[in-house]
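The following exercises concern a ligand site, pockets, a cavity and backbone geometry. Each task is followed by a solution in steps.

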Amino acid sequence: MEHNKTPAIYQIYPRSFQDSNGSGTGDLPGITRRLDQIADLGVDAIWLSPIYVSPMIDGGYDIVDHRHIDPMFGTLDDFDAMVAKAHDLGLQVYLDQVLNHTSDQSPWFQDAIAGDEGKADHYLWRDPKPDGSPPNNWLSQFGLPAWHWNHQRRQYYYSQFLPQQPCLNLRCPGVQDAIATQMRGWRDRGVDGFRFDVVTAFLWDEVMKDNPPARPEVQDKVAGENFNPYTYQDHVYDMLPGDGAAYAENLRKWAGDDAYLFGENTSGNQSIELAMAFTQPGRLDAVYTTDLPEGRGSPATIVDMVNRSDSLHRIAGWLSSHDQPRHSRGDASDLVLALQMAFLPGPWIIYQGEDLSLPQPNLAKGDVTDPLDLLYWPDGPGREGARVPVPWTADRTDHHGFTSGMPWLPMAWNGDIVQRGLDVVRPFYREVIRLRRDHDWAGAQVIACEADGDVLDMTIETQTDQRFRGLFSHGAGQPGNCPDTEPLFRADPADAQGWFGAIWQV
Ligand code: NOJ
């Protein structure tokens, strides 16, 4: 079956979506209960951040067993019920696949420590240099050293994130077989596609040469804050663009031609070029890069993406996620950005609560559990704020309908903001998603795209030869060059403060 190549995808971070049993943590029955509301938005699919067995050191991205569901989220029966209801509602279900690393609690890693050489080959173990120091200068993306000593093996193992997330050797046939089996297992349970964590990090230079220092222009592009030492290196040897992109052909083979596959690109440098390489025929359908959230969807960012790509169809648009601070400011800018995102050709990922314009919450240090947030506290952008559970009602007395217990993170949502979200923002998202679908903006080609300061002027042509022109002003007021006809749709926010967005059929 031909799958939708440019879906609107609703990202669910399950721990923070809907609790069903008073544990304070969201779960699968909770998701099932809320599926009608997601379907009602008009999106095509849901993507679930990891629900697999995990000690949750990295929010579920540290996986012990990809084949089973962590009891905190429910059971396989709960999962089947969720998929069945999603399909009844016309929603596709995409699961996360975190193939770059496992949890250090994985039996594979524990066996490797215990001396099982077959399992040791599932990871990257290297002897120390003669002076006992690590094999090379590689750093983890979180800025920690990438090599960690294990005294039992008297070797270093490699990790691109936390020490508790040893990197897998994705060239190892045993690892590849296990991945193929686990993906087939989820497809057999009805899963329609996968989101691949950090696809740009999968492969590395086999000689493991030192990365050279980053020139200033590269340092500025490497994703993340410049106070993270990871940005000091040019990642030419630990992030291989060459055969790294071709590896996606394995992912396609294992997932099946009819699966929708998209990947996360954490390389800010050469981001769009890498996205194009990873989405060649027989590879992934789309990749998303950090350009849009880092540029907050600015006109210059979009022009740059259009100029550097063959087609936006292969780049998923997004602004917020479980990793980025929420982009919403709770004002007119959110609505204009939503309209602009709906108009942009290509897939679109909407993060839970974005459709309520939830602003980024401030958490006290004592409430934060994410090791990355704590590492750079209080200067990092922080990830856990975006993971504060979502409110379903404006009423604070019952934790906004999220849980009957104590939420795993404090929910200090402002009731007025939530009410505006429910009354104004969610209906607005529903409307722009409907327009995107009815006019097939997602499948259109960009005909012209210019940025005039803070104004984006974009014309697209759909597969049925309809042309639309969108003008989006990021705070610079209504542009002087608007067509003098009535727009098909305009974001007409109260208190616009110079934000403006409208679309004309031309
Ligand atoms: C990207 C995920 O989105 C993030 O949450 C995680 O920490 C890293 N990959 C490592 O898996």
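For sorting residues by class, Ala, Val, Leu, Ile, Met, Phe, Trp, Tyr, Cys and Pro count as nonpolar, Asp, Glu, Lys and Arg as charged, and the others, Gly among them, as polar. The structure shown is a predicted model.

**Exercise 1. The cavity**

Task: Determine how many cavities of 30 Å³ or more there are, and classify the lining of the largest cavity.

Solution.
Step 1. The count comes to one cavity of 30 Å³ or more. The largest cavity holds about 30 Å³ of space.
Step 2. Its lining consists of Arg15, Met56, Ile57, Gly59, Thr369, Asp370, Pro371, Glu384 and Arg387.
Step 3. Applying the classes, Met56, Ile57 and Pro371 are nonpolar. Gly59 and Thr369 are polar, and Arg15, Asp370, Glu384 and Arg387 are charged.
Step 4. The division is therefore three nonpolar, two polar and four charged residues.

**Exercise 2. The ligand and its surroundings**

Task: State which residues come nearest to the ligand, which side chains lie at given distances from its oxygen atoms, and which pocket the ligand occupies.

Solution.
Step 1. Around the ligand there are 13 residues, and Asp58, Asp197, His322, Asp323 and Arg383 come nearest. By class, this shell comprises four nonpolar, two polar and seven charged residues.
Step 2. The cut-off for a polar contact is a pair of N or O atoms within 3.5 Å. A polar side-chain atom of His322 is 2.8 Å from a ligand oxygen atom. For Arg383, a side-chain N or O atom is likewise 2.8 Å from an oxygen atom of the ligand. For Arg195, the distance from a polar side-chain atom to a ligand oxygen atom is 3.2 Å.
Step 3. Taken alone, the ligand exposes 290 Å², and the protein buries 98% of that area.
Step 4. The ligand takes up the space of the largest pocket, which contains about 760 Å³. Its lining has 35 residues, and those nearest its centre are Phe142, Asp323, Gln324, Leu372 and Arg383. The classes in this lining are 13 nonpolar, 13 polar and nine charged residues.

**Exercise 3. The second largest pocket**

Task: Identify which element gives the most to the lining of the second largest pocket.

Solution.
Step 1. This pocket encloses about 300 Å³. It is lined by 17 residues, with Val64, Asp65, His66, Trp108 and Gln182 nearest its centre.
Step 2. At least two lining residues come from each of strand 4 (65-69), helix 3 (107-113) and helix 5 (173-188).
Step 3. Helix 5 gives the most, with four residues.
Step 4. The lining is made up of nine nonpolar, six polar and two charged residues.

**Exercise 4. Backbone geometry**

Task: Locate the cis peptide bond between Trp377 and Pro378 and the positive phi of Met56.

Solution.
Step 1. Most residues other than glycine have a negative phi, and most peptide bonds are trans.
Step 2. The bond from Trp377 to Pro378 is cis, with omega near -5°. Pro378 belongs to the loop between helix 13 (371-375) and helix 14 (415-438).
Step 3. Met56 is not a glycine, yet its phi is positive, at about 60°. Met56 is located in the loop between strand 3 (52-53) and strand 4. Met56 also lines the largest cavity of Exercise 1.

How values were computed
Residues numbered from 1 in each chain as written. Predicted model: local features only at pLDDT ≥ 70, side-chain atom pairs only at ≥ 80, totals over all residues. Heavy atoms only, no water. Near = heavy atom within 4 Å. Polar contact = N/O pair within 3.5 Å; in protein donor to acceptor, adjacent residues only side chain to side chain. Areas by Shrake-Rupley, 256 points an atom, 1.4 Å probe, with all protein chains shown as cover. 1 Å grid on protein atoms, 1.4 Å probe; cavity = no way out; pocket = protein on both sides within 12 Å on 5 of 7 lines; lining within 4 Å. Sits in = over half its atoms within 2 Å of the grid points. Points joined across faces, edges and corners; volume = space filled by probe spheres on them.
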